[in-house]
Amino acid sequence: MSGCKTVELFYALVPLKPWRSLLIRRHIEKCPRCLASFASRETVGSLLVQEREVNISRPLWAEVESALVGDPGREMMKSRAVQSSVLRRWGWATATAFLIVLVTGFLLLKGFRPGGASPTAAVPARFELEYVRVGGQPANTVIYQPQGSDMIIVWAGTNK
Amino acid sequence: MDEQELIAGCLRGRMEDFRMIVERYSAPAMSLAMNILGNRDDAEDACQELFIQVYRHLKSYDKDRSFKNWVYTILYRRCLDCLKRRRQSAELVKKMGRETVLATPANPGHSHPPRRLPSDLLERLKAKERTALCLWANEGYTAQEIGEVLRCSDSTARVYLFQARKKIKKLLEQGHVWLQNG
């Protein structure tokens with residue numbers, strides 16, 4: 001009796017389904033006193049619509065069949081439509097990717113930089129220095145081009 | 001004819017085999033749907049949707065599972081969809097400030113006599129509790145089988161079932177209107 005009360009208390013206090021299931025399995029299902037507080041199978045069965053009472057007023061099979069007769073065709077059409085839509089999407093994606101690669105390649109080959117003119121791109125002709133000497137001696141050389149200018153400054157100096 | 005043979009026949013496109021499946025499961029499916037939905041018209045709609053879906057998804061049926069449970073799982077989902085639609089339309093009607101149209105019969109000229117549906121008591125339960133109760137009382141399902149239909153653990157199914165039984169008992173003890181009318 002006190003065990004039943006304890007189980008009831010624990011059942012109410014801890015609303016966790018695994019815990020409640022454990023209490024049901026361990027105690028409630030086996031205890032006649034506890035089971036008396038639950039509706040029996042017969043009582044529940046008397047409240048429910050039974051299989052033998054079912055009287056389907058609509059011709060269910062006819063409706064299902066009519067819905068399914070056109071179905072294979074529709075399904076095929078649907079699958080074809082889906083397939084063609086997927087193919088079209090892939091086509092567009094490939095074409096777009098190809099275009100992007102083409103434009104990027106073209107811009108790279110042209111030396112294009114979105115941030116503005118690059119220092120090297122602004123130089124009209126190639127500027128090369130093979131060897132710099134100052135006073136007959138090899139010199140330290142610094143080449144400098146201000147941003148946005150065609151001017152190139154060559155700074156050469158000795159270590160002395 | 002064996003159920004697996006019927007399924008194999010359906011997969012080969014034999015409509016006759018599918019008709020036999022529909023006939024075999026119409027009554028149990030209808031009783032479950034009526035117990036969940038509490039409404040004959042909605043139950044018939046749910047059953048129609050069920051069989052169409054069964055036919056379309058028969059390829060995905062796992063032969064290791066019980067076919068009946070698989071069918072009931074689909075039906076349960078269809079019933080939940082129906083309840084959701086009903087709730088949404090009720091909310092819409094409520095928002096519009098009109099009287100609910102759900103209370104009126106779907107087909108006033110219906111030739112069948114008005115039949116008492118188990119709506120009074122069962123409406124107090126949640127859909128999953130009603131389903132668990134129906135499977136337990138009508139089909140003799142265990143908590144594990146109920147869990148398979150509801151797609152939950154057997155512990156959860158057991159709790160749903162006992163909650164439902166407890167609520168029913170309480171309502172019956174309170175002298176519910178159903179008893180007075182009955």
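Author: Accessible areas here come from the Shrake-Rupley method with a 1.4 Å probe. In this predicted model, chain B exposes about 9,400 Å², and carbon and sulfur atoms supply 47% of that area.

Reader: Thanks! What makes helix 5 of chain A oblique to helix 3 of chain B?

Author: Happy to go through it. Helix 5 (residues 60-69) of chain A and helix 3 (residues 40-56) of chain B pack at an angle of about 45 degrees, their axes lying 10 Å apart. Angles under 35 degrees count as roughly parallel and 65 to 115 as roughly perpendicular; the angle fits neither class, so helix 5 of chain A is oblique to helix 3 of chain B. As for handedness, helix 5 of chain A passes helix 3 of chain B in a right-handed crossing.

Reader: Which residues in helix 5 of chain A meet helix 3 of chain B?

Author: From helix 5 of chain A come A:Leu60, A:Glu63, A:Val64, A:Ala67 and A:Leu68. Their partners in helix 3 of chain B are B:Glu44, B:Cys47, B:Gln48, B:Phe51, B:Ile52 and B:Tyr55. Sorted by class, this contact has eight nonpolar, one polar and two charged residues.

Reader: Why does B:Gln48 count as polar?

Author: Gln is on neither the nonpolar nor the charged list, so B:Gln48 falls among the others, which count as polar.

Reader: And how many helices and strands does chain B have?

Author: Chain B has nine helices and zero strands. Of its 182 residues, 48% count as buried, meaning under 20% relative accessible area. Among contacts in chain B between residues at least 6 apart in sequence, 63% join residues at least 24 apart.

Note on methods. Residues are numbered from 1 along each chain as its sequence is written. Chains are lettered from A and ligands numbered from 1 in the order in which they are written. This is a predicted model: local features need pLDDT of at least 70, side-chain atom pairs count only at pLDDT 80 or more; totals for chains, interfaces and linings use all residues. Side-chain values use heavy atoms; hydrogens and water are left out. Axes are lines fitted to C-alpha atoms, for helices over the stretch in contact, and angles run from 0 to 180 degrees between N-to-C directions. Helices (H or I, at least four residues) and strands (E, at least two) are DSSP runs, numbered from the N terminus. Angles under 35 degrees count as roughly parallel, over 145 as roughly antiparallel, 65 to 115 as roughly perpendicular and the rest as oblique. A crossing is left-handed if the near helix is turned anticlockwise from the far one by less than a right angle, and right-handed if clockwise. Contact means heavy atoms within 4.5 Å. Buried means under 20% relative accessible area, exposed over 50%, partly exposed in between (1.4 Å probe, protein chains only).
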